[in-house]
Number of protein chains: 2
Amino acid sequence: MNYPNGKIYKKTAASDHEKKKTKTVQYGKRGMTLEEEINQSNQFYLERDIAVIHKKPTPIQVVKVDYPKRSAAVIREAYYRQSSTTDFNGVYKGFYLDFEAKETKNKQSFPLKNFHEHQIFHMDKCQKQGGIAFVLICFSIFNRVFLLESEYLSMFWNNQKKAGSRKSIPLSFIEENGYEIQYGFQPSLHYLGAVDQIIKNKK
Amino acid sequence: MNYPNGKIYKKTAASDHEKKKTKTVQYGKRGMTLEEEINQSNQFYLERDIAVIHKKPTPIQVVKVDYPKRSAAVIREAYYRQSSTTDFNGVYKGFYLDFEAKETKNKQSFPLKNFHEHQIFHMDKCQKQGGIAFVLICFSIFNRVFLLESEYLSMFWNNQKKAGSRKSIPLSFIEENGYEIQYGFQPSLHYLGAVDQIIKNKK
C-alpha cells in the first residue's frame, strides 16, 4: 500500500507542493467540504480493508409518512434532531475510533462554540473505554487540517467556564499538540496516518 | 456493580424464574421490542460508564425542506434509505462492538432473509479489523434472545447459495454455538455478559 501524498508532517509548515495547490485551488480544496473528503477517504480505507469507518446518518424525527400504492413510503413531515454523539466512528487495527469534523474561517484560533457539550462528554466517555477520540479541525482559509485528540479539546472546554478564560483553541496550540494532515491523492485526507502515531504512543 | 438477573446461562434452558415471567407476560417481554430493550440496556451501560454503545439513526434521504419564519426547519419530502452498516456500534473495554438485532416468530430456526448481504459483509470487515461483530437474535414466541458471533452467520450465509442448502440457522445450532441472554432488571438485556465471554476466549 502506498500513499504518495498522504504522509503526516507533524509540526511543520505546509510543503511547497501544498502551498502551490492552495494558491491555484483557493476555495475549499478542489470544491469538497471537509466532510466529503473524510467520506471519500473512508471509502478508500473500506475498499482496501484498511479500516471500517462510517459517517452516522443525521438523526431525523419522522412525524408523518405516506404509503402510496406501488411505490416507496414518502416522509411528509419530519424534523432534524440533535445527535447525542459525534459524526464518525469505526474500527481500525483493533481500535475504536470516534471523531467529529469541523471547519472554521478563523485564522488565529478555533472557536469552542463549534462544539456541543454532549459531543465533548461523548468523546471523553469513548476515551475512558479505551477508544481513540479526536477532532479533525480545518482552517479553511489556509487549507490546513489538524487532528487534535479529544483530551485537549476537553481541557479547553472545561477551562472556558473560568473567569477570563479563552473561548477558543489557538492555532499555535493545535500546531504544537495536534497532527497536521497533508492533502494527498488517495486518500485525499490520510488522517489514519496521524492515528498510527497515536497508537504508537499508546504502546 | 451487580446484575441480579443479568447472568449469562450458556447452553441451558430458561430458568424457572424466566419460565414464570414468560407465562405471565406473554406478548413481547413487557411490551418492549428487542430494539427498545437494547436501547434501554445501552442507556444503563452509558450512565454507569460500562460501555458507549448507540443505535445509529435510520438513514433518510431528504428531498424538500421548508424553513418557516421563527421556527424549526420542516422536512416535507424524504425517503428511507437502506443502511450500509448494522444498527448498533460502540466501544467496550477497548473493543469495538458492532451488531444487528433481529426478531423472528419462527420456532425452529432463524431465516437468513432477515439479513442483507451488505450487513454480513460489513460485520466480516469489522471482525477483520479486530472488532467484535455479532447478531442478537430473538425468538419472540419463546422470549429467548441469543448472541451469535458474525462468523457463524457468514458461514450459513455463504452456504445457502449451494444447491440443497439451508436458508435458515437452526435454533439447535444457535443454542449450541451462541450465548443465551437472560432477561434481567437492570439492564433488561445484559448482552455485554456474553461479550465478556467472547473477550475471554480471545485472550
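Two strands are said to pair if DSSP finds at least two bridges between them, and strands themselves (E, at least two residues), like helices (H or I, at least four), are DSSP runs numbered from the N terminus.

The structure is a predicted model, in which local features need pLDDT of at least 70 and side-chain atom pairs count only at pLDDT 80 or more, while totals for chains, interfaces and linings use all residues. Residues are numbered from 1 along each chain as its sequence is written, chains are lettered from A and ligands numbered from 1 in the order in which they are written, and side-chain values use heavy atoms, with hydrogens and water left out.

**Exercise 1. Describe strand β4 of chain B: state how it pairs and whether its residues are buried or exposed.**

Solution. Begin with the pairing on the side of strand β1 (residues 52-55) of chain B, which runs antiparallel to β4(B) over four bridges; here B:V52 stands opposite B:V91. Next, take strand β5 (residues 95-104) of chain B, which pairs with β4(B), also in the antiparallel sense, over five bridges, and in which B:F99 is the bridge partner of B:F88. Then look at the connection: β4(B) and β5(B) form a hairpin with two residues between them, and B:K93 in the turn has a positive phi of about 50°.

Finally, examine burial, where buried means under 20% relative accessible area, exposed over 50%, and partly exposed in between (1.4 Å probe, protein chains only). Five of the five residues of β4(B), which spans residues 88-92, are buried. Both faces are covered, with B:F88, B:G90 and B:Y92 on one side and B:N89 and B:V91 on the other.

**Exercise 2. Work out the surroundings of A:E100, starting from its strand.**

Solution. First locate the residue: A:E100 belongs to strand β5 (residues 95-104) of chain A. Second, judge its burial: A:E100 counts as buried because its relative accessibility is 2%. Third, list its contacts, a contact being heavy atoms within 4.5 Å. When neighbours within four places in sequence are left aside, A:E100 touches several residues, among them A:T85, A:D87, A:F115 and A:F134. Fourth, look at A:D87 again, whose backbone nitrogen lies 2.8 Å from a polar atom of the A:E100 side chain. This can be set against the definition of a polar contact, a pair of N or O atoms within 3.5 Å; within protein, one must be able to donate a hydrogen and the other to accept it, and residues adjacent in sequence count only if both atoms are side-chain atoms. Lastly, A:N89 lies 11 residues away from A:E100 in sequence, and their C-alpha atoms are 8.8 Å apart.

**Exercise 3. Trace the sheet that holds β2 and β3 of both chains, and name its edge strands.**

Solution. Write down the order first: four strands form an open sheet, β2(A)-β3(A)-β3(B)-β2(B), with antiparallel pairing. The edge strands are β2 (60-66) of chain A and β2 (60-66) of chain B, each of which pairs on one side only. On average, neighbouring strands of this sheet are turned by 35° against each other, direction ignored; for such angles, axes are lines fitted to C-alpha atoms, for helices over the stretch in contact, and angles run from 0 to 180 degrees between N-to-C directions. To follow one pairing in detail, note that β2(A) and β3(A) (residues 74-80) share six bridges, and that A:V65 stands opposite A:I75 in β3(A).

**Exercise 4. Find what is notable in the backbone at A:R70, A:N143 and the bond between A:Q186 and A:P187.**

Solution. Start with A:R70, which lies in the loop between β2 and β3 of chain A and, although not a glycine, has a positive phi near 55°. A:R70 is exposed, because its relative accessible area is 84%. Continue with A:N143, in the loop between β7 (132-139) and β8 (144-149) of chain A, whose phi is likewise positive, near 55°; A:N143, however, counts as buried at 7% relative accessibility. End with the peptide bond joining A:Q186 and A:P187, which is cis, with omega about -5°. A:P187 sits in the loop between β10 (179-181) and α7 (192-202) of chain A. In chain B, the bond from B:Q186 to B:P187 is also cis, with omega near -5°.
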